Amino acid sequence: MKSKRRSINNLISRPFQKQPKIGKAPGSVIYLGKRRGEKFRVSLMHYNEAEITEEPLEKVEAFVLSPTSRGVNWFNIKGLSNTEEVETLGKSFGLSALTLEDIVNTDQRPKMDHLDDHLFVVVKMIYPGDVNQFHIEHVAIVLLRDTVLLFQEVEEDVFEGVRERIRSSYGRIRNRKADYLLFALLDAIVDQYFIVMELMGNKIEQLEEKVYEKPNADLIHEIQALKKEVLELRKHIRPVKELVNQLIHIENSLIAEDTRPFLRDILDHCNEIQDNIDLYREMSVSLMEIYMSNMSNKMNEVMKVLTIMASIFIPLTFIAGIYGMNFQYMPELHERYAYPMVLGVMALMVIVMLIYFKRKDWL
Amino acid sequence: MKSKRRSINNLISRPFQKQPKIGKAPGSVIYLGKRRGEKFRVSLMHYNEAEITEEPLEKVEAFVLSPTSRGVNWFNIKGLSNTEEVETLGKSFGLSALTLEDIVNTDQRPKMDHLDDHLFVVVKMIYPGDVNQFHIEHVAIVLLRDTVLLFQEVEEDVFEGVRERIRSSYGRIRNRKADYLLFALLDAIVDQYFIVMELMGNKIEQLEEKVYEKPNADLIHEIQALKKEVLELRKHIRPVKELVNQLIHIENSLIAEDTRPFLRDILDHCNEIQDNIDLYREMSVSLMEIYMSNMSNKMNEVMKVLTIMASIFIPLTFIAGIYGMNFQYMPELHERYAYPMVLGVMALMVIVMLIYFKRKDWL
Amino acid sequence: MKSKRRSINNLISRPFQKQPKIGKAPGSVIYLGKRRGEKFRVSLMHYNEAEITEEPLEKVEAFVLSPTSRGVNWFNIKGLSNTEEVETLGKSFGLSALTLEDIVNTDQRPKMDHLDDHLFVVVKMIYPGDVNQFHIEHVAIVLLRDTVLLFQEVEEDVFEGVRERIRSSYGRIRNRKADYLLFALLDAIVDQYFIVMELMGNKIEQLEEKVYEKPNADLIHEIQALKKEVLELRKHIRPVKELVNQLIHIENSLIAEDTRPFLRDILDHCNEIQDNIDLYREMSVSLMEIYMSNMSNKMNEVMKVLTIMASIFIPLTFIAGIYGMNFQYMPELHERYAYPMVLGVMALMVIVMLIYFKRKDWL
Amino acid sequence: MKSKRRSINNLISRPFQKQPKIGKAPGSVIYLGKRRGEKFRVSLMHYNEAEITEEPLEKVEAFVLSPTSRGVNWFNIKGLSNTEEVETLGKSFGLSALTLEDIVNTDQRPKMDHLDDHLFVVVKMIYPGDVNQFHIEHVAIVLLRDTVLLFQEVEEDVFEGVRERIRSSYGRIRNRKADYLLFALLDAIVDQYFIVMELMGNKIEQLEEKVYEKPNADLIHEIQALKKEVLELRKHIRPVKELVNQLIHIENSLIAEDTRPFLRDILDHCNEIQDNIDLYREMSVSLMEIYMSNMSNKMNEVMKVLTIMASIFIPLTFIAGIYGMNFQYMPELHERYAYPMVLGVMALMVIVMLIYFKRKDWL
Amino acid sequence: MKSKRRSINNLISRPFQKQPKIGKAPGSVIYLGKRRGEKFRVSLMHYNEAEITEEPLEKVEAFVLSPTSRGVNWFNIKGLSNTEEVETLGKSFGLSALTLEDIVNTDQRPKMDHLDDHLFVVVKMIYPGDVNQFHIEHVAIVLLRDTVLLFQEVEEDVFEGVRERIRSSYGRIRNRKADYLLFALLDAIVDQYFIVMELMGNKIEQLEEKVYEKPNADLIHEIQALKKEVLELRKHIRPVKELVNQLIHIENSLIAEDTRPFLRDILDHCNEIQDNIDLYREMSVSLMEIYMSNMSNKMNEVMKVLTIMASIFIPLTFIAGIYGMNFQYMPELHERYAYPMVLGVMALMVIVMLIYFKRKDWL
Ligand SMILES: [Mg+2]
Ligand SMILES: [Mg+2]
Ligand SMILES: [Mg+2]
Ligand SMILES: [Mg+2]
Ligand SMILES: [Mg+2]
Ligand SMILES: [Mg+2]
Ligand SMILES: [Mg+2]
Ligand SMILES: [Mg+2]
Ligand SMILES: [Mg+2]
Ligand SMILES: [Mg+2]
Ligand SMILES: [Mg+2]
Ligand SMILES: [Mg+2]
Ligand SMILES: [Mg+2]
Ligand SMILES: [Mg+2]
Ligand SMILES: [Mg+2]
Ligand SMILES: [Mg+2]
Ligand SMILES: [Mg+2]
Ligand SMILES: [Mg+2]
Ligand SMILES: [Mg+2]
Ligand SMILES: [Mg+2]
Ligand SMILES: [Mg+2]
Ligand SMILES: [Mg+2]
Ligand SMILES: [Mg+2]
Ligand SMILES: [Mg+2]
Ligand SMILES: [Mg+2]
Ligand SMILES: [Mg+2]
Ligand SMILES: [Mg+2]
Ligand SMILES: [Mg+2]
Ligand SMILES: [Mg+2]
Ligand SMILES: [Mg+2]
Ligand SMILES: [Mg+2]
């Protein structure tokens, strides 16, 4: 039974998990996630219309680029638990302590900060994992002039499609600035939300099937686990809509005017996802209602069986009891056909009862 | 039982249905709907106060019109699964890749995009089909100067009335610009929503009748299916109100000042439909409440029958049991009138019981 | 049972009732209500500080007034099903097709339209009819310079008090312009809402009495019918508040500055009515809760009776059964005082049981 | 039982109570309250930093003050059912008919009107009365230059503290203008709301105690009566917050700039009271949940007793029945130790049953 | 049982607790809390980049600082029940009577007042105490030019980390003005809210475990107590978000431009906490649903046992009763194998019943 429940641990913080941060100054770069031990890796993809280079970076010093190189620089930084390296790298790009803190703060909810010379975006990468589960990973993106810094906790990501499009010169991405890359990354993340929505819809459908076809007491655990998952998704996805809306309306030359229609396209998708999440919540309520009604139905059926059995046989037993009494003067006992007559009366009573229950629709 | 349930599939996306789009660049024109195989057909209706021409267009090249022809051009494009043709046609009218993507994206929720030289509207055409079902079809409308492009998935549509009015010179439509045609198309779609509302109201009424008159355990399935349908309608209709409101307040010469009162008329209708949908939701909650209360009532009745039967006959059986005991010294057994007296006492007990239950209103 | 239910038909549109409008151009003047056959009647009340004339108008041509006549003209038009006459009359006052359509559209929700040279108001006249029912009638009011057009479906109305005040020169109405007449008409309508609220409150009070004093399974029908009536009233009354608010803030010389305090007085009343409707909804929820709890209570009582009877007599019957066995070697059977002793033990068991149930508060 | 229910009459208007107003012109000064027969009394408190005079006013003519008298005039008018006197007095201060109407309209919800040369405030005075009840009285306040008119229905009020502070020269009130007196009166009223909140909190606490310790079916009446009281308080208190907020932001020289911080202090209190009312609503929902769960628990216990008794004794009775059969060939009947063996088997069955029920935690 | 319930006293005011304030002028400095008897203590921490002094202040006169001392002065005032001393101190800093009143008013909800030359903030310090409980303490902060006054009821506080950072010159606090100290204090308080959230999450997790694994009737008390705690936290934490938002947008030179990003960081945290509180509320609803469903399940199981036992043995007992009748002419009684045959029939009936119940999934 345990395995079917989704531990509350995934939804709420572990006790005193944040204690390392208590009493610390703001801007303390402290990792709160569960992905310790991931190696710190930085890779750089540099591209313009004409050329593209991809290379892993060994040393932090290598981050400084030759000013002659025209185009977009996409730094992909993995392994956020290595807070010192993250701090060194971030400072070399002029990020503030508060931004650095939020980059490694895996509890930070999705948001956008509009800073002097860069935009800072936090968002959750959610994608399906093993059977009927999904991964939720913290992603922080910094948009600088000509440069995007993408911070992830783990190796795996959902951006392979973006890389492919850059490599293959397919699409408009190679002709565009860094803001379009930011869009492409957000788009890749939001596209995955659809996959998650569909997975979720499937789960609900299967659960509905079970609730209708073979309801049992364990289903309440599954329904409540589903409800929790929907709440969890909502928590991580709902702020994204607001964030994208802010990006669309921001007054900042980092976001070019012709990138905004693309951001509006993401906003459309966020609206659709929001619709779905609302729908799923309603459905989890419906599942509970159906479940509770099924329970009542079953109880009704149990009670009907009991009532039918008892109502038929208790009166008969009483009659048998009458003629089991030992009174000396009971004339019936000595009648020749008393026994079959009593049996006949009993049969009649059963028939009457059955008709009554049939009429009541209990049979 | 299965047939009575509305499959969740109609409400939520099929698993991994959107996978073809994952990793693709935005603006990828990919059809997601279920209407593959519909032929691609374009027809043009050209009209002004004086004249009207209607013709199917064989070749895409034919779309370019002679500049001398004054009046409104209504292109009706059917068969969205033919994405290549849609793309060619759209590009010849200068539509952007993002717009083209949303034209064929049957999952796109209703919305309005305000672009440089055209307005783009997505809306759902909902109309009654076979018994107690309704069709939901994706419709995209582009309003250009003097031209309306109407994209549908299927042949069937709800615009025959609009065509008739154009043909018969009835009404003001022939004297007006393309913005009035956009209004007339939206009006035809919203008018159908009233038909759907009335169908839905009928369904609720029938269900209410059943819940009151002959409640049974299967009704919960029908009630929940109804609730889902209401949610589905709300999902597709609610955004239309916002969309129409945007059209009314847009600052764009494509929408003439004297068309806005007509759009406000649609807004009135949207408000009325919204009222109805809210009402239907409340009623589906009421139906559940009545159903659950009926279940309780039935249980109460079952229990009453059991209690009455048991309360009357168990004590009688006990008395019979007393005189069935085989003690050697039981003086009553040998009394001449003991047997009828015991029977009399039993009858008395039954009468007392019946009066008690009558008083309790259990009979 | 049927008579106690409020048919859903009153709340939602009849199936395909609107079909006559489908495909028609906007501005088609089509009557949707149920008051066909009412005669078309127009009467004119003309007044200023000095004089007053009241006359039924036979011919539509008579509508044109001599320009020398100073004062307010109140046209009272009855019998909206006569759409042709309504159209002729309306056009003679310069009303647009859209306004004419809404005048006879009895489904139009309350609203205010601000047009070039007139204001158009739709509102519902709700007043008590026969026992515990109320009528809901569609009313359309047009405010022109010096002229008010009042359209009703039926003869009966709630404006007799306004007419009396005009006739008797009582109050300020004779010294004021047409905007004050518009106010007086709205005020008369909203005053009736209070009567309806009080009727409704009475109904709730009676129902509460029933739920507490003699609950039975039919009450759920009455509670749900009440809930529907509250929803119905809310649907028609809620938009009025918004409408009055628009009238107060409109920038239009048709509404004089010193009429606005009077409109604010109506707004106060709308707020109070809104409070009441919210309260009534809460109370209908409370009634359901009480009803459901009463059902549970009754079930509890039934079960207690069953349990007490069964728990007392089943063990006694068992003991009687023991001594009814026919074993050859049962020494007790032959004891002189075995029978009274067994009866004593049985009595003791009954007493113990009764004390136990008393302690449990089941008796 | 009746006495425990709070009659709905206190919450909603009496049937046709407002009928006297129907058809009357707006501004008709008609008393709707229940305090008829209270004598009309006016007293004047006149004060400035230097001096203070307090006198009952016998004649309405005496209201006109000598223009030389510098300071604040507080007229305290009691006995609103004397509408003629109220009207005469009000008109001598230049109040409009609409204001006069609302002064005696005891159904008027709390509000603020901003008129040409005065501010008009309606608010409800709520204070504890006899055991566990509270009084709700209508209060109207008019703020003129240097003058405050305070209208009440009854003699009793909550302003003795304010009078004391004026008399004793304690505090800043003697050095301030009429706007500060308005504040002081509102503050006195809102302070009483805290007393009412605490009384209410106590009631909830006592009810919670009862629901936990000795639940019975009557408690539902008390819980629902509590819920109604909370709704009633909310209805009268919620608009006060809005009203005070309007007073703070009004642009009118009647409210001095340095009085606004004091009004903001009242706003703080209104926020706190709002928090409490919300909390109390949640708690009344909680009480219902606990009550319903207790009912279920009790039912469970009843059923357990029944099931245990029946499950133990029905099988035993069956065994006794077996050996009570009269077959000629039943070898066991003649065994020497058959009887004690059967009794042993029965005892064993009881033990097995008891262990089973113990394991199920039913004992 | 009592110990498991959280007394409502902690949530709502004690009866007539506020009575001392009734009738008093606004600005009366009256202590309402429960921490009477705490000694009045003032300590001063004075610091700039170069130096730091910390000293307890014996006399109130010592508060006046030498004007030459450059840097930030943090006065930490403890023991709010000493209202006279608080008043003297406050007045020496020019605080208004209304501010002084709110400083000692422990019922004041969190808020920010923007006054002429200072900002006034009220907030609740919430931190974990003994097992599974948390303390809620009233804190008032006044921000003046170069000076912060921090008022607490008790000795214990959550600011040790801030003091450490000042003492150790760690972080940027020593180089900053008083506004940064205000931020640091608020940050310390909000950081503690995370600890409280985690504690709460743990409680919910434990309760969920109990509800699933060993549900019993007492759990409803724990669930409802949890719900109350969540409501209590929400009451104290929700206004903080609004307060911080006001601080961010205030136009006042007391808050430097470069402190606002830090306040925004607190806002992020408030948002996250708000998310958690919402989640916890949903979970307490879920717990109730699971609990109620478990109750139903148990009832179902009890009823099944009863029904199975009764349905099997009542018919058998009837058959035994038949052959226990004393009719003279019952041929079966004399058959040689009648007894074993009857026993066989009975066994068959049991088997049929068991198969039936197995099929119904009741076994
Ligand atoms: Mg978290
Ligand atoms: Mg954080
Ligand atoms: Mg996308
Ligand atoms: Mg799109
Ligand atoms: Mg829920
Ligand atoms: Mg979809
Ligand atoms: Mg799209
Ligand atoms: Mg989309
Ligand atoms: Mg239409
Ligand atoms: Mg219209
Ligand atoms: Mg409801
Ligand atoms: Mg529900
Ligand atoms: Mg309608
Ligand atoms: Mg219309
Ligand atoms: Mg309409
Ligand atoms: Mg009125
Ligand atoms: Mg009024
Ligand atoms: Mg009123
Ligand atoms: Mg409910
Ligand atoms: Mg009232
Ligand atoms: Mg009024
Ligand atoms: Mg106060
Ligand atoms: Mg205060
Ligand atoms: Mg205060
Ligand atoms: Mg409720
Ligand atoms: Mg409090
Ligand atoms: Mg306070
Ligand atoms: Mg912090
Ligand atoms: Mg941060
Ligand atoms: Mg943060
Ligand atoms: Mg709740």
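User: What counts as a salt bridge here, and how far apart are the closest N and O atoms of B:Lys111 and A:Asp268?

Analyst: A salt bridge is a side-chain nitrogen of Lys or Arg within 4 Å of a carboxyl oxygen of Asp or Glu. This is a predicted model, mind you. B:Lys111 and A:Asp268 form such a bridge, and their closest N and O atoms are apart by 2.5 Å.

User: How many salt bridges does the rule find across the interface of chain A and chain B?

Analyst: Polar contacts there come to 17 residue pairs, both residues being at pLDDT 80 or more. As for salt bridges across the interface of chain A and chain B, the rule finds seven.

User: Which helix gives the most to the side of chain A that touches chain B?

Analyst: Helices of chain A that each supply at least two residues to that side are α3 (160–167), α4 (178–213), α6 (260–322) and α7 (338–359). With 32 residues, the one that gives the most is α6(A).

User: How many nonpolar residues does the side of chain A that touches chain B have?

Analyst: Chain A brings 67 residues to the contact, and chain B brings 71. By class, chain A's side has 18 polar and 18 charged residues, and its nonpolar residues number 31.

User: What is the area buried between chain A and chain B, and which three residues supply more of chain A's part than any other three?

Analyst: About 6200 Å² is buried between the two chains, with carbon and sulfur atoms giving 61% of it. Of the area that chain A buries against chain B, 11% comes from three residues, more than from any other three: A:Glu198, A:Tyr212 and A:Phe327.

User: Which protein residues are donors of the magnesium ion (ligand 30), and are they buried or exposed?

Analyst: The protein donors are A:Gln108 through OE1 and E:His269 through NE2, lying 2.6 Å from the ion. The pair crosses between chains: A:Gln108 is in the loop between α2 (97–104) and β4 (111–114) of chain A, while E:His269 is in helix α6 (residues 260–322) of chain E. Another magnesium ion, ligand 2, is 2.5 Å from ligand 30. As for accessibility, A:Gln108 and E:His269 are both buried.

User: B:Asp146 and B:Asp361 each have a positive phi of about 70°. Which is partly exposed and which is exposed?

Analyst: Neither B:Asp146 nor B:Asp361 is a glycine. B:Asp146 is in the loop between β6 (134–144) and β7 (147–152) of chain B, whereas B:Asp361 is in the segment after α7 (338–359) of that chain. With a relative accessible area of 33%, B:Asp146 is partly exposed; at 61%, B:Asp361 is exposed.

Technical notes:
Residues are numbered from 1 along each chain as its sequence is written. Chains are lettered from A and ligands numbered from 1 in the order in which they are written. Side-chain values use heavy atoms; hydrogens and water are left out. Contact means heavy atoms within 4.5 Å. Buried area is the accessible area (1.4 Å probe) that two parts lose on being put together, summed over both. A polar contact is a pair of N or O atoms within 3.5 Å; within protein, one must be able to donate a hydrogen and the other to accept it, and residues adjacent in sequence count only if both atoms are side-chain atoms. Helices (H or I, at least four residues) and strands (E, at least two) are DSSP runs, numbered from the N terminus. Ala, Val, Leu, Ile, Met, Phe, Trp, Tyr, Cys and Pro count as nonpolar, Asp, Glu, Lys and Arg as charged, and the others, Gly among them, as polar. Donors are N, O and S atoms within 2.8 Å of the metal (3.2 Å for Na, K and Ca); water is not among the atoms, so sites may look incomplete. Buried means under 20% relative accessible area, exposed over 50%, partly exposed in between (1.4 Å probe, protein chains only).
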